[in-house]
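Let's go through the labels one by one and ask what earns each of them. Have the model open beside you as you read.

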Amino acid sequence: MPTSSSSTSTDAKLGRFNRLQIIKYTDFGLYLWDEYYGDILLPKRYIPKNKPTEIEDWLEVFLYLDSEDRVIATTQIPKAQVGKFAVLKVIEINKIGIFLDWGLPKDILMPYAEAYDGLQVGDSCIVYVYLDARSKRITATEKFEHYLDREKVTYNIGDKVKVLVVKRTDMGFNAIIEHKHWGLIHNNELFKSLKIGMREFAFIKEIRADGKINLSLQLSGPKEKTTLEETILSNLEEQNGVLLLSDKSSPQEIVAQFNVSKANFKKALGSLYKQGLIKIENDKIIKI
């Protein structure tokens, strides 16, 4: 076990990254120590070459089960972690269940009971990754609704959040906010194309009394206006005072450069023009 007096915690979690201490070297790798799991092998091919790896050094490693259900460490970065949502590809379907590629040598299992009908090899699906209480194995599920909205909402209006686009509805797109909550991007907020499985930045627009969260793909109000104006001026500086966009440009061109709707872009240009900071021509903006 570790002999260092470091105060770093050694309560490792399977299916997540952990900081563990090196205790022993062998010909086939090195061993790390954890209070619960004991000795954990980091195979030789995963030993980092650009970090200290002497006895008593600490390493950041991901823990999972190998083909014989032994806890093993890796410095590879998986596509998913326990407690998180991910988009994973189906690589095998057999009598045991559906196997998904999560970037590690041993694929992750999604039992048939945790999957919706119709998946085929090569398909991608949105799953939640959890540690099965009975088998103690890292498992995936498509039936993840009950894993959301279990934590208290602590966002503020205007907060920038990471979202995963999950489902198209009549009202817009359902999205998972920061791996924790359901959110909705209404149809009137869609100034650009969205697809299922896309990861986007969004902004908290409204937190309703029933706890439901409405999202926007762009800031709104005075804060957004000021930020966008500053961004346009910054781009003009970088382009020697000339920007090959104008209020006549297509929505797609504006989204590609500024990730805002054409309407908001035109409002920002109008404000900058009134301030005497820019001149607007048919095919470009010129900084004055």
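The turns below concern a predicted model and set its computed values against the cut-offs.

Q: Why is Asn214 called buried?
A: Its relative accessibility is 7%, and buried means under 20%, so Asn214 earns the label. You will find Asn214 in strand 15, residues 213–216.

Q: What makes the pair Asn214 and Glu206 a polar contact?
A: The two side chains are joined at 2.7 Å, and the limit for such a pair of N or O atoms is 3.5 Å. Glu206 is also one of the residues that Asn214 touches, leaving aside those up to four places away in sequence; Leu184, His186 and Phe203 are others in that list.

Q: Why is strand 4 described as largely enclosed by the rest of the structure?
A: Of its 8 residues, 7 are buried, so the description follows for this strand, residues 58–65.

Q: How do you know that strand 4 pairs with strand 1 and with strand 5?
A: Pairing takes at least two bridges. Strand 1 (residues 17–26) and strand 4 have 5 bridges and run antiparallel, with Gln21 opposite Trp58. Strand 4 and strand 5 (residues 71–74) have 4 bridges, also antiparallel, and here Leu63 has Ala73 as its bridge partner. Strands 4 and 5 form a hairpin with 5 residues between them, and Asp69 in its turn has a positive phi of about 60°.

Q: What makes the phi of Glu56 and of Asn259 worth pointing out?
A: Most residues other than glycine have a negative phi. Glu56, not a glycine, has a positive phi of about 85°, and Asn259, not a glycine either, has one of about 55°. Glu56 sits in the loop between strand 3 and strand 4, while Asn259 sits in the loop between helix 2 and helix 3.

Q: Why are Glu56 and Asn259 called partly exposed?
A: That label covers values between the 20% and 50% cut-offs. Glu56 has a relative accessible area of 36% and Asn259 is at 32%, so both qualify.

Q: Why does Val121 count as exposed?
A: Exposed means over 50%, and Val121 is at 54%. Together with Ile93 and Tyr112, Val121 makes a nonpolar surface patch of about 270 Å².

Q: What makes Lys79 and Asp101 a salt bridge?
A: Their closest N and O atoms are 3.0 Å apart, and the cut-off is 4 Å. This pair links distant parts of the chain: Lys79 is in the loop between strand 5 and strand 6, Asp101 is in strand 7, and they are 22 residues apart. With a relative accessible area of 24%, Asp101 is partly exposed.

Q: How do you know that Lys192 and Glu200 form a salt bridge, and are they buried or exposed?
A: The N to O distance is 3.0 Å, to be set against the 4 Å limit. Both residues are buried.

Q: Why are strand 16 and strand 17 called edge strands?
A: They belong to an open sheet of 3 strands with the order 16-18-17 and antiparallel pairing. Each has a single partner strand, so one side of each is left without a neighbour in the sheet. Strand 17 is joined to strand 18 by 3 bridges, and Ile280 stands opposite Ile285.

Definitions and conventions:
Residues numbered from 1 in each chain as written. Predicted model: local features only at pLDDT ≥ 70, side-chain atom pairs only at ≥ 80, totals over all residues. Heavy atoms only, no water. Helix = DSSP H or I, 4+ residues; strand = E, 2+ residues; numbered from the N terminus. Buried < 20%, exposed > 50% of the residue type's maximum accessible area, 1.4 Å probe, protein only. Polar contact = N/O pair within 3.5 Å; in protein donor to acceptor, adjacent residues only side chain to side chain. Contact = heavy atoms within 4.5 Å. Patch = residues over 30% accessible without salt bridge, like charges linked within 9 Å, V, L, I, M, F, W, Y side chains within 5 Å. Areas by Shrake-Rupley, 256 points an atom, 1.4 Å probe, with all protein chains shown as cover. Salt bridge = Lys/Arg side-chain N within 4 Å of Asp/Glu carboxyl O.
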